[in-house]
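Here's a walk through the strands, sheets and cores of one chain. Have the sequence and the 3D view open as you read.

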Amino acid sequence: MGLLNKIFGGNKEKNNVILSPVEGEAVPISEVSDPTFGEEILGKGIAVKPNKGRVVSPVTGTIDMMFDTGHAVSILSNIGTEILIHVGLDTVKLKGKHYKTYVKNGDKVKIGDLLIEFDIDAILSEGYDVITPIVICNTPDYAQVEPLSGKAVHELDELIILKK
């Protein structure tokens, strides 16, 4: 199976590649106006300006925290990567309005499992930015976190390369 995985790109997580949990335009995390993300206080990462209101799991792992409001989720991958996906800025203030969650704390997830759906137009109409930071919260565990920004991404396209 190892050779087949290499040929067909299976289990990219083992190669320390984090896949895109959302579809849209991948941009440098420095473009996020919230300093918690833009200044990499929580860790290095990337942001996606979503054009589709879905978040899928970028790794195989366990849901560490699904926020009650559905605007953010953190996942611990099977190889120990801590990933935070935060849909929009200040969207905690929406108190769950326009978000629907499909997993809960402790759930096991596979790459591509649906985690969250959100209504982009409704969130924008309430005055919130929907830019979605994807942060590696245990950045110090890696020698390099290389975001692949500056391109359009579909769900599960390569988004971040991690090097130990």
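Let's begin in the middle of things: I85 has I134 of strand 11 as its bridge partner. That pair belongs to an antiparallel match of strand 7 with strand 11, held over 3 bridges. Strands here are DSSP E runs of at least two residues and helices are H or I runs of at least four, both numbered from the N terminus; two strands count as paired if DSSP finds at least two bridges between them.

A quick word on the source: this is a predicted model, where local features need pLDDT of at least 70 and side-chain atom pairs count only at pLDDT 80 or more, while totals for chains, interfaces and linings use all residues. Residues are numbered from 1 along each chain as its sequence is written, and side-chain values use heavy atoms, with hydrogens and water left out.

Strands 7 and 11 sit in an open, antiparallel sheet of 8 strands, ordered 9-5-6-7-11-3-2-13. At its edges, strand 9 (108-109) and strand 13 (151-153) each pair on one side only.

There's also an open sheet of 3 strands with antiparallel pairing, in the order 1-14-12. Strand 1 (17-19) and strand 12 (144-147) have a single partner strand each, so one side of each lacks a neighbour in the sheet. Neighbouring strands in this sheet are turned by 20° against each other on average, direction ignored, going by axes fitted to C-alpha atoms.

Strand 10 pairs with both strand 4 and strand 8, and E117 faces R54 as well as K100. Here are some of the antiparallel pairings:

| Strands | Bridges | One facing pair |
|---|---|---|
| strand 4 (54-56) and strand 10 (114-118) | 3 bridges | R54 and E117 |
| strand 8 (99-101) and strand 10 | 3 bridges | K100 and E117 |
| strand 1 and strand 14 (158-163) | 3 bridges | V17 and I161 |

Now for the inside. The largest nonpolar core has 33 residues, and L115 and I160 have the most contacts within it. Such a core is a set of buried Ala, Val, Leu, Ile, Met, Phe, Trp, Tyr and Cys residues joined through side-chain atoms within 4.5 Å, with buried meaning under 20% relative accessible area (1.4 Å probe, protein chains only). Elements giving two or more residues to this core include strand 10, helix 3 (120-125) and strand 14. I160 touches residues including V17, I46, I134 and V145, leaving aside those up to four places away in sequence; a contact is heavy atoms within 4.5 Å. A second, separate core of 10 residues includes V27, F37, L84 and V135.

Technical notes:
Axes are lines fitted to C-alpha atoms, for helices over the stretch in contact, and angles run from 0 to 180 degrees between N-to-C directions. Buried means under 20% relative accessible area, exposed over 50%, partly exposed in between (1.4 Å probe, protein chains only).
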